[in-house]
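Let's take a walk through this one together, one stop at a time. Have the 3D view open and rotate along as you read.

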Amino acid sequence: MSNGGGKTGRQLEKPSTWKRKSGADDFAQAIAKIAVAQLLEGQGFHSFQQSALEALSDVAVRYATSIGRSAHYYANLSGRTESNAFDVIQGIEDLGYVQGFPGASEVDHCLEDSGVVREIVQYVNEVEPIPFVHPVPRFPIVKDRKLTPSFLQEGKEPPAEHIPAWLPAFPDPQTNTLDPTGDTTGAEPHAANGKFDQEREKNKGDWSMLSSQQQIVSGMFEKPTFTYLDDAKAKKAAVESNPFLAPPLKVGEKEVAPIAPPAPPAKLFNNVASDNPVARNFLDDKSVSVLETFTPAIEAMKSTTYDSGEDQTKHVLNEKPTVRFKIGVRNKFLGRSTGLSPEKEHQKTLPWFAMEDEKDDRKRRAEKILRESLQNPDQFVQL
Amino acid sequence: MNPNHNPQSSDGGRHDDDAALTEFLASLMDYTPTIPDELVEHYLAKSGFQSPDIRLTRLVAVATQKFVAEVAGDALQHCKARQATIPKDKRDRQQKDKRLVLTMEDLTKALHDYGVNVRHQEYFADSPSTGMDPATRDE
């Protein structure tokens, strides 16, 4: 694709490098696409446009869903919860009224004799069955949930009389808190992310076995939320209520992945491109020199001024981190960041976002690359 | 089970229909639809459809398959019709005939007859200022 003129020229992303956000239904959609592609092939098509396939498979899925909904509705209308064949036939008929089928206009027709059924029978008799190419597992997979046992199940007595025995038992007092007051219930910080809650639930049993020291160590590497607990009780209140208001961690307390700060370069990239094209340039087949790629960005950076985070950027530029990295196909790079203390504080308050948002992470990597090139304009990044 | 009874047909006729339907449902188990059962079950479960009978899921799968096949057939006809009308000499057309590609254009036309209105982007531009006069373009 041709670049636009002047400084705002940029490269277009290749469709193969687009990374869509994964949705909950991706697996089923993919299977539907394969099935529809097989049907197209059976009809005689040699190939298809991606967008056309996606549209048609989406329509097919909606068709099936719509039959299901109508069938369920007709069953409910007759006072049943389970649908039977006639509900399904009526559902198919409902969708067939648009195109029309023989006998559609008959008000009181017999459902067994319905035109749709006859047409389906005809189709089945005429067409050779094309089996689906891949074996499909049953999905969605239901995971076994290990529920916290209740007071009754554990054989314990609830601590106070207002607590019924069938409720889940309280965790062990030494589980989470290192607080001298030994407050068992309120010691856990409220994680902003539901995912951490589930993980915490699972590991509650394991945690009670560990000593407090071990908990700190394991917490550092696995669960960032628990690192807040190793401070004195003065911070407990803040931790309890809002992890964002918790005091920042000191340098070296927590291992963080080396990522660049989410500074103004992100804004620039947002203006210039939609989805981090800079990093994707490296995935181009033709080798593009980094300097060329970043020239517009560098020039723009020098010219524009930023409101927030400017000091941070300057701070960053003054330092010279010893980062060695290699850009691979999957756009990952190994690096060690040293002496990036000012940003660490900023970063540590964003563990959830950093983990959740892939896009931000890539943006930060790109900014890191940018910093590197700014400091060593003569040195080309090794791809 | 059957609330609508047709006064015209005799009792024998109704039994025939019964038999035909049950026979068909049984035959469905022999026919393997291209759309896998698990997929159909997933989407039916999503829509609230509940039935212990697998033949019904097969019925839905076959109905969907038939629908897709019909749409594909219509799109194929549109595609072929378009190829036929292109004024090209025989040599070029031979080559083009071999590539039947499902395009959004044909699909839109085919789906329109089924009451599904699909809109798609005609083209995508690099940036809002692509194609504009270079003098007026924002730098």
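Below we look at a helix, then a group of aromatic rings, then a single aspartate.

Before we start, keep in mind that this is a predicted model.

Begin with helix α1 of chain A, which runs over residues 26–43. A quick sanity check is its length: 18 residues at 1.5 Å a residue should span 26 Å, and the end C-alpha atoms are indeed 26 Å apart, so expectation and model agree. Now look at which side chains are tucked away. Early in the helix, A:A28 is buried, and so are A:I31, A:A32 and A:K33. Further along, the buried residues include A:A35, A:V36, A:A37, A:Q38, A:L39 and A:L40. It helps to remember that an α-helix has 3.6 residues a turn, so residues three or four places apart point the same way.

What covers those buried residues? From chain A itself, the cover includes β1 (47–48) and α2 (50–77). Chain B pitches in too, with α2 (37–47), α3 (54–85) and β1 (101–102) among the covering elements. Once you step off the end of α1(A), you meet A:G44, which takes a positive phi of about 125°.

Next, the aromatics. Searching the whole structure turns up 6 aromatic pairs over all chains. Take A:Y63 and B:F67: their ring centres are 4.2 Å apart and their planes sit at 5°, so this pair counts as stacked. Because A:Y63 belongs to helix α2 of chain A and B:F67 to helix α3 of chain B, the pair joins two chains. Both A:Y63 and B:F67 are buried.

B:F67 has another partner, B:Y114. Here the centres are 5.5 Å apart and the planes are at 90°, so the pair is edge-to-face. This one links distant parts of the chain, since B:F67 is in helix α3 of chain B while B:Y114 is in the segment after α5 (104–112) of chain B, 47 residues apart. B:Y114 is buried, just as B:F67 is. Put together, A:Y63, B:F67 and B:Y114 form one aromatic cluster.

Last stop: A:D87, in helix α3 (residues 85–96) of chain A. Is this aspartate buried or exposed? Its relative accessible area is 2%, and the cut-off for buried is under 20%, so A:D87 is buried. What does its side chain reach? The side chain of A:D87 gets to the backbone nitrogen of A:N84, at 3.0 Å. Leaving aside residues up to four places away in sequence, A:D87 also touches A:A71, A:Y74, A:A75, A:R80 and A:E82.

Definitions and conventions. Residues are numbered from 1 along each chain as its sequence is written. Chains are lettered from A and ligands numbered from 1 in the order in which they are written. This is a predicted model: local features need pLDDT of at least 70, side-chain atom pairs count only at pLDDT 80 or more; totals for chains, interfaces and linings use all residues. Side-chain values use heavy atoms; hydrogens and water are left out. Helices (H or I, at least four residues) and strands (E, at least two) are DSSP runs, numbered from the N terminus. The expected span of a helix is 1.5 Å times one less than its number of residues. Buried means under 20% relative accessible area, exposed over 50%, partly exposed in between (1.4 Å probe, protein chains only). Contact means heavy atoms within 4.5 Å. Rings of Phe, Tyr and Trp (its six-membered ring) pair if their centres lie within 6.5 Å; planes under 30 degrees apart count as stacked, over 60 as edge-to-face and the rest as tilted. A polar contact is a pair of N or O atoms within 3.5 Å; within protein, one must be able to donate a hydrogen and the other to accept it, and residues adjacent in sequence count only if both atoms are side-chain atoms.
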